[in-house]
Structure formats: structure tokens, C-alpha cells
Amino acid sequence: MSAIEPTLDRLHNPFLRYFLATRPAFLSVTFIACLIGLATAYSAGLPINAPAALATVIFALVAHAGVNVLNDYYDALNGTDAANTDRLFPFTGGSRFIQNGVLSKGETAVFGFSLFGAVMAAGLWLMQVAGPGLFWIGGAGLFIGWAYSAPPFKLDSRGAGELCVAAGFMLIAVGTDYVQRHGFAWDPVVASLPFALLVTNLLYINQFPDCKADGSAGKRTVIVRLGPARAARGYLLIGAAAYIWLAAAVFAGLLPWPALAALLPALFTLKAGRVLLRHAETPFELLPGIQMTILAAVSHGTLLAAGLAAAVWMTR
């Protein structure tokens, strides 16, 4: 066990214990998805309702936290995390809160479903501000987050985890835009797809260290089905699709030209892909690739949101 993994004797403070169980470092991608949604609304000429935007971001972060906690619970039930000896903590193998005795399975389940309950209640309130369409966006997002790990769906175990992640992060951007726009639009769909694909690549590369444990627990992820050596090429295909989509959307006039700045992180994706191609079957060598994948997604989303906002400022 890594020295930095959580243990009960280090986490006496209950608030800190439950906060860290949500894996807060990974919530940054949800914040950026919200920024993209706010940027598409702003680029459409809408004034940003700051209180509604803040509420949207908070509820989206709580929803993502609930997904993380429930994922730990269901992976503890199926034995995946307990069997994971190739993990690269804190990036793969779960939060280790259950396995290291920091929280019980029951405490984790109650916490995860409580977070979902809070989001549902808050979403019903936010619907009064934004409109009834938010119900379908939020409902779809929570269902995907739950069904990703939970039986009987277990979508990740059936090889559909990547689709869940891509759809989930697009829904965050679409929902954030909807709250400001009070209606549906294609803008956040077009803008958020490349970011959602780059976040999907984070799930994808993280599954390589988890491959043996997933296979032993009956999780038939894409990596398990194809084998690490063959599956490694998929990372570059997903990354290429993200950047090609962005460039095509700009040249088709669907996104403003300053959004092209978000192509720069392709260098990180390419470097991470090279690491993965070389070390797909040696998990402990993948840490630089995972870190560059995070950097690619975060920097791409930030540059994209900034580019959308800059296009508005340049026309004034």
C-alpha cells in the first residue's frame, strides 16, 4: 500500500474524511465543463446570472462527488478495488477508503446516495429558475452516473464506460448553458464534445493499471476485451477525434476562431499516447501519461472557454 493512501489514523476529522472520500481533485473537470456551458451562453449574447451559475456549479460538483463515492461502493461490492495490486493511487484503483478501513461499505453507500438526494432536491429548486427541461438533463446525468457502476446496468463492466463519461460531461455543459438560456441549444453540444472526449481519455488510460483487477472481477471494459497492447491505440483515436471535431466546428462556423487555441493541448495528448503505446502492459510506467492526460483535458477546456469569451470581447 502506498504511503500516501488514506488511513483512519490520519483522518480523525469526520468532515475531512468524508470530503476526501469524494476524490475532490477529480472534480476539477466538472468545474471546467460548467465553464464551457457558461461560455457558450455568454457567447450567444446572454447576460450571465451569477447566482444561478454558482448554484449550477455547486450542484454539478456535488453530483460528480456522489458518482465517485458510489463508484467506490460498487467496486467494493464486486471486489475490483480489493484485487487491484497494480493501482497508481490516487489516479486508479478507487479512493481506497473502504479497503483501508477509513469508511465502511455501508457508510460509503449512505454518503453517496445522500449526495445524490441533495442534488435531486437542489435540481428541483433550480428548475423553478431555469425551466422544466433541466429535469431531463439532470435526470439523465444522475442515471448515467449511477448506472455506470450499479447493477443491473453496470455499464462500465459492459464496455460502455467511455460512452457514459462522454455523455455525462456533455450533459454538464448543456445543463449549465440551459440554466442561463432557459432552453436547449446546440452550441454547448458542439463546444463540449471535444472536452468530453478528452475527459473520456482519462478514464481510458486509467483502466490500463486496473485491467487485471477488472478482468478478475468480471468487469469487461474495453481494455479487458481488447487487451492492453491492442487497446492502447484507442487512446490516440479518441484524442484525434476531439481535436478534429474542434477544428471542423471552427472552420464550419459553429465555433469562433479564438476557440482554436484549445488545439494546443494536443501536444500533451500526443505525448501521453506515446507513453501508453510504450508501456500499456507495464502499469507502473503509466503515471506520466495519466498526468499529461489530465493536463490535456484541463488546459483544453480552459482555453476553449476562454476562446469563446474572447470572441465576444473582440466584437465589442
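Start by selecting R96, which is buried with a relative accessible area of 3%. Bear in mind as you go that this is a predicted model. Now add E5 to the selection: R96 forms a salt bridge with E5, and the closest N and O atoms are 3.9 Å apart. R96 sits in the loop between α3 and α4 (105-130), while E5 belongs to the segment before α1, so the pair ties together parts that are 91 residues apart in sequence. Is E5 buried or exposed? At 2% relative accessibility, E5 counts as buried, because the cut-off for buried is under 20%.

That pair belongs to a wider set, as the structure holds eight salt bridges. For another one, go to K219 and show D75 with it: here the closest N and O atoms of the salt bridge are 3.3 Å apart. Distant parts of the chain are linked by this pair, with K219 in the loop between α8 (211-216) and α9 (222-226) and D75 in helix α3, 144 residues apart. K219 is buried, its relative accessible area being 6%, and D75 is buried too, at 7% relative accessibility.

Keep K219 on screen and bring in D214. K219 forms a salt bridge with D214 as well, and the closest N and O atoms are 3.9 Å apart. D214 has a relative accessible area of 3% and is buried. To see how these contacts join up, display D75, D156, D214 and K219 together: they are linked in a network of salt bridges.

D75 has already taken you to helix α3, so colour that helix next, along with α6. How do α3 and α6 run relative to each other? The axes of α3 (residues 50-77) and α6 (residues 161-181) come within 10 Å and cross at roughly 155°. An angle over 145 degrees counts as roughly antiparallel, and α3 and α6 are therefore roughly antiparallel to each other. Their crossing is right-handed.

Just along the chain, select H182, in the loop between α6 and α7 (187-206). Phi of H182 is near 60°, a positive value in a residue other than glycine. H182 is partly exposed, with a relative accessible area of 48%. For another example of positive phi, jump to R23, where phi is near 55° and the residue is again other than glycine. R23 lies in the loop between α1 and α2 (28-43), and its relative accessible area of 16% makes it buried.

Two cis peptide bonds deserve a stop. Zoom in on F89 and P90, which are joined by a cis peptide bond with omega of about 10°. P90 is in the loop between α3 and α4. Then pick the bond from P151 to P152, which is cis with omega near 5°. You will find P152 in the loop between α5 and α6.

From there, step back to helix α5 (residues 133-147) and select A140. At 29% relative accessibility, A140 counts as partly exposed. Draw a distance from its C-alpha to that of A241: A140 and A241 are 24 Å apart in space and 101 residues apart in sequence.

Finish on the surface. Which residues make the nonpolar surface patch of about 380 Å²? Select F15, L16, F19 and L20, and you have it. F15 is found in helix α1 (residues 14-21) and is exposed, with a relative accessible area of 66%.

Technical notes:
Residues are numbered from 1 along each chain as its sequence is written. This is a predicted model: local features need pLDDT of at least 70, side-chain atom pairs count only at pLDDT 80 or more; totals for chains, interfaces and linings use all residues. Side-chain values use heavy atoms; hydrogens and water are left out. Patches are made of residues with over 30% relative accessible area and no salt bridge: like charges are joined within 9 Å, nonpolar side chains (Val, Leu, Ile, Met, Phe, Trp, Tyr) within 5 Å. Accessible areas come from the Shrake-Rupley method with a 1.4 Å probe; for residues, only the protein chains shown count as cover. A salt bridge is a side-chain nitrogen of Lys or Arg within 4 Å of a carboxyl oxygen of Asp or Glu. Helices (H or I, at least four residues) and strands (E, at least two) are DSSP runs, numbered from the N terminus. Buried means under 20% relative accessible area, exposed over 50%, partly exposed in between (1.4 Å probe, protein chains only). Axes are lines fitted to C-alpha atoms, for helices over the stretch in contact, and angles run from 0 to 180 degrees between N-to-C directions. Angles under 35 degrees count as roughly parallel, over 145 as roughly antiparallel, 65 to 115 as roughly perpendicular and the rest as oblique. A crossing is left-handed if the near helix is turned anticlockwise from the far one by less than a right angle, and right-handed if clockwise.
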